[in-house]
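This report describes a protein model in terms of its confidence, its sheet, its cores and its charged pairs. Please keep the sequence and the coordinates at hand while reading.

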Amino acid sequence: VLEPQAATGSAEALKVELTERRDGTLMGVYTPVHAGMHKLSITLRGVHILGSPFITAVSAGQVDPAVCGLQLPLPLNMRRGQTVRATIVTRDALGNECPAKTLLCAVRVRPPLLAARPPPVTTRDNKDGTYTMEFVPSVRGKHIIAISIDAQPIKGSEFTLVCV
């Protein structure tokens, strides 16, 4: 009896489906949910087969803006003239960070009505799947910050920041 088992770096066991092929071999399939290194152990009557355990590398999937978010929450209150800085982290549908994916990251700040215009916002691609955004509020009041990846809002967007 073959006993296949796959595990992630956190030693979480994953189910491996075995299918008998017509040429006398077996095919094993498992569905990883975490990016990183996985160990696939295959034993026959409790003894590892030749080459087992096997190490496989699993990459993150496509970026899903609905799962992307801020590395740390924005502060609730800021002082006028103080730089607001935040890091946006890209993730796939399963929550894995997506390193080195170049996407269109847009940040829009809607200041209070008394502001003549929105503050300039800079967004920097850190080339590691994260983006840093910065702006300096020039008026007191509630600022609404909308962040999107490839024209889709990230998780939690729109964010509110009060400038005192």
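How many bridges join β12 to β13? Five bridges join the two strands, which run antiparallel; strands here are DSSP runs of E with at least two residues, helices are runs of H or I with at least four, and both are numbered from the N terminus.

**Basis and confidence**

This is a predicted model, in which local features need pLDDT of at least 70 and side-chain atom pairs count only at pLDDT 80 or more, while totals for chains, interfaces and linings use all residues. Residues are numbered from 1 along each chain as its sequence is written, and side-chain values use heavy atoms, with hydrogens and water left out. The pLDDT, the predictor's confidence in each residue on a scale from 0 to 100, averages 87 over the protein chain, and 93% of the residues score at least 70. Among the elements of the chain, strand β1 (residues 2–7) has the lowest mean pLDDT, 63, and strand β15 (residues 152–153) the highest, 96.

**Sheet**

Strands β12 and β13 belong to an open, antiparallel sheet of four strands, ordered β8-β10-β13-β12, where two strands are taken to pair if DSSP finds at least two bridges between them. Its edges are β8 (69–70) and β12 (121–125), each of which pairs on one side only. Within the pairing of β12 and β13, Thr 122 has Glu 134 in β13 as its bridge partner.

**Nonpolar cores**

A nonpolar core is a set of buried Ala, Val, Leu, Ile, Met, Phe, Trp, Tyr and Cys residues joined through side-chain atoms within 4.5 Å; buried means under 20% relative accessible area, exposed over 50%, and partly exposed in between, using a 1.4 Å probe and protein chains only. The largest such core has 22 residues, and those with the most contacts inside it include Leu 70, Leu 74, Ile 88 and Met 133. Two or more residues each come from β10 (84–89), β11 (105–110), β13 (130–135), β14 (141–149) and β16 (159–163). Not counting residues up to four places away in sequence, Met 133 touches several residues, among them Leu 74, Ile 88, Val 107, Thr 122 and Ile 145, a contact being heavy atoms within 4.5 Å. Apart from the largest core lies another, of five residues, including Leu 14, Tyr 30, Leu 40 and Ile 42.

Ser 52 lies in the loop between β6 (47–48) and β7 (54–58), and counts as buried because its relative accessibility is 13%. With residues up to four places away in sequence left out, Ser 52 touches Leu 40, Ser 41 and Ile 42.

**Salt bridges**

A salt bridge is a side-chain nitrogen of Lys or Arg within 4 Å of a carboxyl oxygen of Asp or Glu, and by this rule there are five. Three of them are listed here.

| Acidic residue | Basic residue | N to O distance |
|---|---|---|
| Glu 97 | Arg 91 | 3.8 Å |
| Glu 158 | Arg 108 | 3.5 Å |
| Asp 125 | Lys 127 | 3.8 Å |

Glu 158 lies in the loop between β15 and β16 and Arg 108 in strand β11, so this pair ties together parts that are 50 residues apart in sequence. Glu 158 is partly exposed at 40% relative accessibility, as is Arg 108 at 47%. Salt bridges with shared partners join Arg 108, Arg 110 and Glu 158 into one network. Glu 97, at 48%, counts as partly exposed, and Arg 91 does so at 25%, whereas Lys 127 is exposed, with a relative accessible area of 60%.
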